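Hi,

Here is the structure I promised to pass on. Have a look at it first, and then see my notes underneath.

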Amino acid sequence: MAQIMAQTCEFSCKEEATLYCKVCKQFLCIDCKQTIHDKFPKYKDHAVMNIHQEGNCVFRPHPVCETHKDTFVFYCCKCECLTCAECMTSTHNEHKTEKIKNVADARRHNVNQIVQQLKTKVDIVKKKLETIDTEQSIQIQADCLSYVKKVEETVDDLHMIVDRHKLIPLTTASDFKDIENEDLGRKRVFFRRRHDETAIRLLKFENLLKETHDSTFLTEWKALQTDVQMNNEETDDPLVAPRRIESFNQKKLTKFVIDEIDEKFQMKLKEQEKEVVRLTEGIGVLTGELKEKQEQLDDLSKLARELKEKKNELVEENGKLKTEIKERKVQEISK
């Protein structure tokens, strides 16, 4: 069978050629180009092309039959290959053949259709890539930005609601602390004055005890009678414990926050609770009606049983009557 000759490197090896030098008019592999061809300065400006990328732009010698080294003249339809004149009298004898030009023209037409299809696909894919890089990319970015903005706005609103309700108990605690601290300040002033007065009086009497001269002692004692009277008349001032702030009501704060969030974002939780209550009441009504219907059904079933029993009794009586009538007829005939 004839075969199209494969392109091999024509420099120093027989590896598959991927390049073609237009000046040298030779095929070469990548290694030979780098190690041999490009080493010579005179080859520096040669145009070297990739035979797979350039396609028919690269000069290629006309293929010949590898078996007989002769030019191809026919195309074997059975073997789907090119054949020379000698092939037609040997391996391809009596095979159906076509002119090479006819087959080539048909293939060119087919390739042209493929090229047009590929161009259309390339344009379609190109437009899709453009859509990805423009519209879809912008849409994703815009959607995400809008989403994030909405999240941030919602969280900010929630923070404002929580902070506003948080401020109420914090203000209550702050006001309570200020009032109680003022009261403590008044108590502090009062007991500091009482402390100073009592300490001065104590010092006077301690100094009096140090006096050893009796006349002088009595004279000073008399002078201190007012202090003695005050000491006897003074009562112990109790220290009243400060007021205690009432316990923080977590449920109350939580309810206020939830109610405002419900109103702000129209979650309609209350309406849903009312709907649940309404449905529950409806279920109760339906249950009552169902119970009443069941009782009516039981009554009807009981009545049906009674009618069936009555029917059986009537059938039995009817049978007895028929028997008696037959017996009477028999007796009359006997007479």
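**Helix α4 against helix α7**

Helix α4 (residues 100-210) and helix α7 (residues 250-265) have axes that come within 10 Å and cross at roughly 145°. The axes are lines fitted to C-alpha atoms, for helices over the stretch in contact, and angles run from 0 to 180 degrees between N-to-C directions. Helices (H or I, at least four residues) and strands (E, at least two) are DSSP runs, numbered from the N terminus.

Before going further: this is a predicted model, so local features need pLDDT of at least 70 and side-chain atom pairs count only at pLDDT 80 or more, while totals for chains, interfaces and linings use all residues. Residues are numbered from 1 along each chain as its sequence is written, and side-chain values use heavy atoms, with hydrogens and water left out.

Back to the helices: the crossing of α4 and α7 is right-handed (the near helix is turned clockwise from the far one by less than a right angle; anticlockwise would be left-handed). On the α4 side, the contact (heavy atoms within 4.5 Å) includes Thr154, Asp157, Leu158 and Ile161. Across from them, α7 brings residues including Leu253, Phe256, Val257 and Glu260. The residues of this contact divide into 8 nonpolar, 2 polar and 5 charged. For that split, Ala, Val, Leu, Ile, Met, Phe, Trp, Tyr, Cys and Pro count as nonpolar, Asp, Glu, Lys and Arg as charged, and the others, Gly among them, as polar.

**Salt bridges**

The count comes to 10 salt bridges, each being a side-chain nitrogen of Lys or Arg within 4 Å of a carboxyl oxygen of Asp or Glu. One of them belongs to the helix pair above: Glu260 and Arg164 meet at 2.0 Å, N to O. This pair links distant parts of the chain, with Glu260 in helix α7 and Arg164 in helix α4, 96 residues apart. Glu260 is partly exposed at 22% relative accessibility, and Arg164 is also partly exposed, at 40%. Here buried means under 20% relative accessible area, exposed over 50%, and partly exposed in between (1.4 Å probe, protein chains only).

α4 also takes part in the bridge between Arg243 and Glu180, where the closest N and O atoms are 2.8 Å apart. Arg243 lies in the loop between α6 (225-233) and α7, and Glu180 in helix α4, so the bridge ties together parts 63 residues apart in sequence. Glu180 counts as buried, at 10%.

Two more for your list: Asp38 bridges to Lys33, again with the closest N and O atoms 2.8 Å apart, and Lys101, Asp105 and Arg108 are linked in a network of salt bridges.

**The sheet under α4**

Which order do the strands of the open sheet take? It is β5-β4-β6, with 3 strands and antiparallel pairing (two strands pair if DSSP finds at least two bridges between them). β5 (81-84) and β6 (97-99) are the edge strands, each pairing on one side only, and the twist averages 45° from one strand to the next.

Strand β4 (residues 72-76) is joined to β5 by 4 bridges. Tyr75 stands opposite Leu82, and Phe72 opposite Cys84. In β5, Cys81 and Thr83 point one way and Leu82 and Cys84 the other, and all are buried. The β4-β5 hairpin has 4 residues between the strands, and there Glu80 takes a positive phi near 55°. α4 lies across β4, β5 and β6, at about 75° to β6.

Cheers
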